[in-house]
Amino acid sequence: MNTFRPTCLLGIFLAGVLATGCAPRAENTPVARSIEAPTIIPSADWGSQPLWFHEDHVDAIDSYTHEPKRILIHHSGVVWREGTNPYNRMRNLQTWGMRERGWLDVPYHYLIAPNGQIFEGRALQFRPDTNTNFDTSGFVNIELMGSFGEQRPSEEQLRAAVDLSIFLSAAYEM
């Protein structure tokens, strides 16, 4: 099996950006046109129960607040099996992160299933969490469900990642 190379995703993303005319612009230049948001499944629809505003964690809010300036796209590192329910995957990720890692929500802002469904994760005002030492401050974190050392992202996932990235870039002037 051929191994997916992350540079392919970057190339696809850049091709999508150029094809839509959403190229980088000078600071203080108005957005040339509005970009329609892709369909995003709200966190309430998949059953999110974050701990941000639970009385035991209100003090943590200030330490997590950040201003998104860049987009980071990566994979979950967990093989996606056919028949997996992405709604269950979202709830399981949130439960695992809270129980095992002490996180207050899912670690990502957006998660994209292989069928192209985009799921809302944590609120953009809060920096992402990570299993690494990488400083996630200032990043909008987009996760593609799957392990791309073992499987390829689907065309639907890649298209959704491009559409979401273009929308976020325009909406937040990144």
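**Figure 1. The overall fold, from one end of the sequence to the other.** Follow the protein chain along its sequence and you will meet the pattern α-β-α-α-β-α-β-β-β-α. What you are looking at is a predicted model. The protein chain holds 5 helices and 5 strands. Its 174 residues include 42% that count as buried. If you like contact maps, take the contacts between residues at least 6 apart in sequence: 74% of them join residues at least 24 apart.

**Figure 2. A close-up of the largest nonpolar core.** This view shows a core of 18 residues, in which Tyr110, Ile112, Ile142, Leu164 and Leu168 have the most contacts inside the core. Strand S3 (110-112), strand S5 and helix H5 (155-171) each supply at least two of the core residues. Helix H5 gives the largest share, with 9 residues. Apart from this core lies another one, made of 11 residues and including Ile41, Trp46, Leu93 and Val106. As background, nonpolar side chains in soluble globular proteins tend to be buried together.

**Figure 3. The surroundings of Ile112.** Here we zoom in on one of the core residues with the most contacts inside the core. With neighbours within four places in sequence left aside, Ile112 is in contact with Gln117 and Ile118, with Ile142, Glu143, Leu144 and Met145, and with Gln157, Ala160, Ala161 and Leu164. Two of these partners, Ile142 and Leu164, are named with Ile112 among the core residues that have the most contacts inside the core.

**Figure 4. Ser154 and its link to Pro114.** Ser154 sits in the loop between S5 and H5. Is this serine buried or exposed? Ser154 counts as buried because its relative accessibility is 18%, and the cut-off for buried is under 20%. A polar atom of the Ser154 side chain lies 2.4 Å from the backbone oxygen of Pro114.

**Figure 5. Inside the second largest pocket.** About 320 Å³ of space lies in this pocket. Which residues come closest to the pocket centre? Among the 21 lining residues, they are His74, Ser76, Tyr108, Asn131 and Glu143. Strand S2 (70-75), helix H4 (86-101) and strand S5 (139-144) are the elements that give two or more residues to the lining. Sorted by class, the lining has 10 nonpolar, 8 polar and 3 charged residues. Strand S5 may look familiar from the core view, since S5 also supplies at least two residues of the largest nonpolar core.

How values were computed: Residues numbered from 1 in each chain as written. Predicted model: local features only at pLDDT ≥ 70, side-chain atom pairs only at ≥ 80, totals over all residues. Heavy atoms only, no water. 1 Å grid on protein atoms, 1.4 Å probe; cavity = no way out; pocket = protein on both sides within 12 Å on 5 of 7 lines; lining within 4 Å. Points joined across faces, edges and corners; volume = space filled by probe spheres on them. Helix = DSSP H or I, 4+ residues; strand = E, 2+ residues; numbered from the N terminus. Nonpolar A, V, L, I, M, F, W, Y, C, P; charged D, E, K, R; others polar. Core = buried A, V, L, I, M, F, W, Y, C linked by side-chain atoms within 4.5 Å. Buried < 20%, exposed > 50% of the residue type's maximum accessible area, 1.4 Å probe, protein only. Contact = heavy atoms within 4.5 Å. Polar contact = N/O pair within 3.5 Å; in protein donor to acceptor, adjacent residues only side chain to side chain.
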